[in-house]
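Subject: Structure handover and notes

Dear colleague,

Here is the structure I said I would pass on to you, with the sequence alongside. My notes follow below, arranged by element, and I would be glad if you read them with the coordinates open.

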Amino acid sequence: LWGVASWLTVGVFALLVASLAIRGVLVGRGPWGNLYEFSVAFGASILGGYLFLARRYPIRQIGFIPAAVALGLLLYASSLPSEIRPLVPALQNAPLLTIHVGMAVIAYGIFATAFAAGVGYLAQGTRDRFAWLPSHKTLDEVAYRAVIIGFPVFATMIVLGSWWAAIAWSRYWGWDPKETAALVTWLVYAVYLHARNQRRWAGRPAALLLVIGFGMVLVTYSGSLWFSGLHSYSGL
């Protein structure tokens, strides 16, 4: 069953990447210009991040967590308008849209595996309660490696977003709800990287920060639905 599930995940990931590539060709930019496109890309990135880390670490037992999050995103995407429409003027910068939002997609996907490892660590504990789960040391290493990869990508995304804001709105930072949520997300992962290397905060507290961090990722992803601001480009 592990083998079947693994190949099924690979197959779904390949289909999602193919659909995104076709969409990208049709729209002439990165296929993440509205909430439908971003949700599909987010789901694909979660599966890609998990598959990438699973090649190096024995974490198939926690694969159901990122897979479930990706499935939830894809089901939500299926309820959104999928037709291709012109972008709002602020988004009509194909290179920056492709790179800036693409970096968000990659970072979010990798952080999802860190979240799964954090949840696994909280369940496993330092005494390795469950034989079917990876050891707490493996889970800690996977989570740390995922954040080490995703954190600089996310930070670069924020810097590029600030540059784009100066072009589109004539200011680098304006405490827009989505900007603020992204900054808080970055701070949570920065605190995690510091805490994980402190004896007092290593282990369970660091794993809790991973759960909080991914919660902030979801807030950043969906913030334009709940708060009005310049990033309200969901297409709804």
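A helix in these notes is a DSSP run of H or I with at least four residues, and helices are numbered from the N terminus; in that numbering, Val142 belongs to helix α5. Please keep in mind throughout that this is a predicted model.

Let me begin with α5 itself. The helix covers residues 136-169, 34 residues in total, and the distance from its first C-alpha to its last is 46 Å, close to the 50 Å expected at 1.5 Å a residue. Along its course there is a kink of about 25° at Gly150, shortly before the proline Pro152.

Within this helix, Val142 has a relative accessibility of 0% and therefore counts as buried, since the limit for that class is under 20%. Which residues does Val142 touch, once residues up to four places away in sequence are set aside? The contacts are Tyr57, Ile59, Thr113 and Ala117. For one of these partners, Tyr57, the separation has also been computed: Val142 and Tyr57 are 85 residues apart in sequence, while their C-alpha atoms lie 7.1 Å from each other in space.

The same helix carries a salt bridge between the side chains of Glu141 and Arg145, with an N to O distance of 3.5 Å. Because Glu141 and Arg145 are four residues apart in α5, about one helical turn separates them. Both ends of the pair are partly exposed, Glu141 with a relative accessible area of 26% and Arg145 with 28%. Through salt bridges that share partners, Asp140, Glu141, Arg145 and Arg196 are joined into one network.

After α5 the chain enters the loop that leads to α6 (177-196), and Ser170 is found in this loop. Just after the helix, Ser170 takes a positive phi of about 60°, although Ser170 is not a glycine. Ser170 counts as exposed, at 66% relative accessibility. Trp175, which is found in the loop between α5 and α6 as well, has a positive phi of about 55° and is likewise not a glycine; Trp175 is exposed, with a relative accessible area of 57%. You may wish to look at these two residues with the backbone displayed.

Turning to helix α1, how far apart are its end C-alpha atoms, and what span should its 26 residues have at 1.5 Å a residue? The end atoms are 37 Å apart and the expected span is 38 Å, so the two values agree. The buried residues of α1 are Thr9, Leu16, Leu20, Arg23, Gly24 and Val27, and they pack against α2 (35-54) and α3 (64-77). One of them, Thr9, has a relative accessible area of 16%, and so falls under the 20% limit for buried residues; leaving out residues up to four places away in sequence, Thr9 touches Leu47 and Leu51. Just after α1, Gly28 takes a positive phi of about 70°.

Arg23 also takes part in a salt bridge, its side chain meeting that of Glu37 at 2.8 Å, N to O. This pair links distant parts of the chain, with Glu37 in helix α2 and Arg23 in helix α1, 14 residues apart. Are these two partners buried or exposed? Glu37 is buried, and Arg23 is buried too.

The structure holds seven salt bridges, and one further example is the pair of Glu83 and Arg85, whose closest N and O atoms are 2.5 Å apart. Here Glu83 is partly exposed, with a relative accessible area of 39%, and Arg85 counts as partly exposed at 46% relative accessibility. As general background, side chains of opposite charge can pair when their charged atoms come close.

Last, there is a feature of the surface. Ile22, Leu26 and Ile84 form a nonpolar patch there, and together they have about 320 Å² of accessible area. Of these, Leu26 has its place in helix α1, which covers residues 2-27, and Leu26 is exposed, with a relative accessible area of 60%.

With best regards

Definitions and conventions
Residues are numbered from 1 along each chain as its sequence is written. This is a predicted model: local features need pLDDT of at least 70, side-chain atom pairs count only at pLDDT 80 or more; totals for chains, interfaces and linings use all residues. Side-chain values use heavy atoms; hydrogens and water are left out. Patches are made of residues with over 30% relative accessible area and no salt bridge: like charges are joined within 9 Å, nonpolar side chains (Val, Leu, Ile, Met, Phe, Trp, Tyr) within 5 Å. Accessible areas come from the Shrake-Rupley method with a 1.4 Å probe; for residues, only the protein chains shown count as cover. A salt bridge is a side-chain nitrogen of Lys or Arg within 4 Å of a carboxyl oxygen of Asp or Glu. Helices (H or I, at least four residues) and strands (E, at least two) are DSSP runs, numbered from the N terminus. Buried means under 20% relative accessible area, exposed over 50%, partly exposed in between (1.4 Å probe, protein chains only). The expected span of a helix is 1.5 Å times one less than its number of residues. The bend at a residue is the angle between axes fitted to the seven residues ending there and the seven starting there. Contact means heavy atoms within 4.5 Å.
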